[in-house]
Amino acid sequence: GGFVGFDQPNLFGECKRGSLQCQFGRYIRDFSLSYTDPQIRQSNVSGTVSLYNQKSRFIIRDIGQSNTSGGQLQFGFPIGGSRYTRFFTSYGGERVSYGGDGLVATINCNGCFRSTLGFTLDHDTRFGTPFPYSGVHEDIALQVNGGILGGTSAFQRLTTEMRGYSTLATFGSALGPEPMALVFGLSARAGALFGDPGPFFVSQAFSLGGVQYGQPLRGYEEFSITPKGYLPNADQFQAQRSSFGNAYYTSTAELGLRINQQMYLDAFYDAGNLWERPRDFDPTRLFRGAGFGASLVTPLGPLGVDLGYGFDRVDVFGHKDPKWQATLKAQPQAAA
């Protein structure tokens, strides 16, 4: 496979941004087009319009093939004149259909439509992305789907994320002009879904484990952590509706060595769990993992390899069976 992309951060010489991306391969066909005006009519209000068409075939736990097309219109407003805190409101609509076999083949949906009104409060003071060495990022987002907006299903989705970074020490430069930095980071993520997502559960409900699908938890296989507990030999089973939950929580403590803006090494400690309903949330019952990782910025974005040790894994008889789990991950670029 491959990708073709064009990004212009200064359209018309007025700092407006246009982006065109096309990714293709055996299991994916992804086309997206977006336009952003950071200062609509010279105001402090920003606006973004985006269109996309995606076709994906997830072989992970035989999820199956989905086809999604839609668009979104978003406006951003500064809070209290701050450069770092903004409130976003958006409206989006997308049509989804499923094909082939696997888990999604059990979904009775042909051209289902999801209509979404979104609200997001974002505060970001990080420096040095994609491997920050200082600052914080706090984000809380609410999506209202269906109901008076129309669409196949009616539900609400609330997610939040908090990250903080601090440089403990700096050393002489290794590769490039920047000094190396020893960075300590803390992060926490949580989500809750209220209502029935219907045929959209594969993208809107939460799954936990691994790093390739859903919410990451290193040291465990994909879909190995379910609302019913840990699933031994998860790699031998197909994902099911019961593999997804309506609430989750994860947290990470990290000690990293930022060699430069392109290379990063870290030691981490993860903890998290998945629940069937938001009211089942219990942060005292978490699955734990720890290990080491390395990340590198490539033309495809940051790529990384992690080696995690799952402390709370068990075998098919319920006996403790902690193991190492190696994972390859692709990290999304942080927004400027």
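**Exercise 1.** Which residue in E17 does Gly308 stand opposite?

*Solution.* In this predicted model, start with the strands on either side of E16. Strand E16 covers residues 301–310 and pairs with E15 in the antiparallel sense over ten bridges. Within that pairing, Phe292 has Leu307 as its bridge partner in E16. Turning to the other pairing, E16 and strand E17 (residues 323–330) are also antiparallel, over eight bridges, and here Gly308 stands opposite Gln325.

**Exercise 2.** Classify the aromatic pair formed by Tyr213 and Phe223, and place both residues in the chain.

*Solution.* The count of aromatic pairs comes to 13. For Tyr213 and Phe223, the ring centres lie 5.5 Å apart with 35 degrees between the planes, and the pair is therefore tilted, since stacked requires under 30 degrees and edge-to-face over 60. Both residues sit in the loop between helix H1 (201–204) and strand E11 (225–226), ten residues apart. Tyr213 and Phe223 are both buried, and they belong to one aromatic cluster together with Phe58, Phe201 and Phe244.

**Exercise 3.** Determine the geometry of the pair Tyr249 and Phe281, and explain what the pair ties together.

*Solution.* The centres are 6.1 Å apart and the planes make an angle of 85 degrees, so the pair counts as edge-to-face. Because Tyr249 lies in strand E13 (residues 247–260) while Phe281 lies in the loop between strand E14 (263–275) and strand E15 (287–298), the pair ties together parts that are 32 residues apart in sequence. Phe281 has a relative accessible area of 38% and is therefore partly exposed.

Key: Residues numbered from 1 in each chain as written. Predicted model: local features only at pLDDT ≥ 70, side-chain atom pairs only at ≥ 80, totals over all residues. Heavy atoms only, no water. Phe/Tyr/Trp six-rings, centres within 6.5 Å; stacked < 30°, edge-to-face > 60°. Helix = DSSP H or I, 4+ residues; strand = E, 2+ residues; numbered from the N terminus. Buried < 20%, exposed > 50% of the residue type's maximum accessible area, 1.4 Å probe, protein only. Pairing = 2+ DSSP bridges.
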